[in-house]
Amino acid sequence: MLILSPTLLWAVGLAVLIGLSGWIWWLRRPPMLTRRVILQLDGDQALSGVLWRVHGDWFVLRDALLLQPDGARVPMDGELVVHRRSVVFAQVPDGGQQLRQPG
């Protein structure tokens with residue numbers, strides 16, 4: 001007869017919870033994560049970049065461009081952090097390629 005120790009049961013339960021949390025994150029992740037997106041902001045400006053991470057109410061873009069109403073594209077250095085309230089809508093342009101996962 002197999003007798004399981006409480007420590008073993010606790011470790012197995014913890015491993016199952018960790019595995020489930022990973023799957024839950026994967027199912028709830030934004031579908032546009034690590035893809036090139038356009039974020040239309042309040043006003044006449046928009047941002048284009050790779051949506052690298054979503055942290056709470058904040059979008060983190062890499063390789064970002066400021067898209068101005070006159071058609072000018074201004075490169076932005078570093079990571080761009082944008083609050084969700086500033087975004088009117090997000091768009092994944094046709095052919096928005098999936099990039100490698102953040103790591």
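What percentage of the 103 residues of the protein chain count as buried? The notes below start from that point.

1. Burial and surface. The model is predicted. In it, 23% of the 103 residues of the protein chain count as buried. The chain exposes about 7,600 Å², and carbon and sulfur atoms supply 60% of that area.

2. Layout. The protein chain contains one helix and six strands. Along the sequence these elements follow the pattern α-β-β-β-β-β-β. Among contacts in the chain with a separation of 6 or more, 43% are between residues 24 or more positions apart.

3. Nonpolar core. The largest nonpolar core has 14 residues, and those touching the most other members are V37, L39, L47, L51, F59, L61 and V87. Two or more residues of this core come from each of β1 (36–41), β2 (46–55), β3 (58–67) and β5. Strand β3 gives the most, with four residues.

4. Contacts of F59. F59 is one of the core residues that touch the most other members. With neighbours within four places in sequence left aside, F59 is in contact with M32, L39, L51, R53, V54, L80, V81, V82, R84 and V87. Some of these partners are themselves on the list of core residues with the most contacts to other members, including L39, L51 and V87. The partners of F59 also include two arginines, R53 and R84.

5. H83. This residue lies in strand β5, which spans residues 80–83. H83 has a relative accessible area of 14%, which is under the 20% limit, so H83 counts as buried. Not counting residues up to four places away in sequence, H83 touches D57 and W58. A polar atom of the H83 side chain lies 3.1 Å from the backbone nitrogen of R85. Anyone assigning a protonation or tautomer state to H83 may want to look at that pair of atoms.

6. Nonpolar surface patch. L4, L8, L9, V12, V16, L17 and L20 form a nonpolar patch on the surface. Together these residues have about 630 Å² of accessible area. One of them, L17, is found in helix α1, which covers residues 6–28. The relative accessible area of L17 is 56%, over the 50% limit, and therefore L17 is exposed.

7. Two residues side by side. H83 in strand β5 is buried at 14% relative accessible area, whereas L17 in helix α1 is exposed at 56%.

Key:
Residues are numbered from 1 along each chain as its sequence is written. This is a predicted model: local features need pLDDT of at least 70, side-chain atom pairs count only at pLDDT 80 or more; totals for chains, interfaces and linings use all residues. Side-chain values use heavy atoms; hydrogens and water are left out. Patches are made of residues with over 30% relative accessible area and no salt bridge: like charges are joined within 9 Å, nonpolar side chains (Val, Leu, Ile, Met, Phe, Trp, Tyr) within 5 Å. Accessible areas come from the Shrake-Rupley method with a 1.4 Å probe; for residues, only the protein chains shown count as cover. A salt bridge is a side-chain nitrogen of Lys or Arg within 4 Å of a carboxyl oxygen of Asp or Glu. Buried means under 20% relative accessible area, exposed over 50%, partly exposed in between (1.4 Å probe, protein chains only). A polar contact is a pair of N or O atoms within 3.5 Å; within protein, one must be able to donate a hydrogen and the other to accept it, and residues adjacent in sequence count only if both atoms are side-chain atoms. Contact means heavy atoms within 4.5 Å. A nonpolar core is a set of buried Ala, Val, Leu, Ile, Met, Phe, Trp, Tyr and Cys residues joined through side-chain atoms within 4.5 Å.
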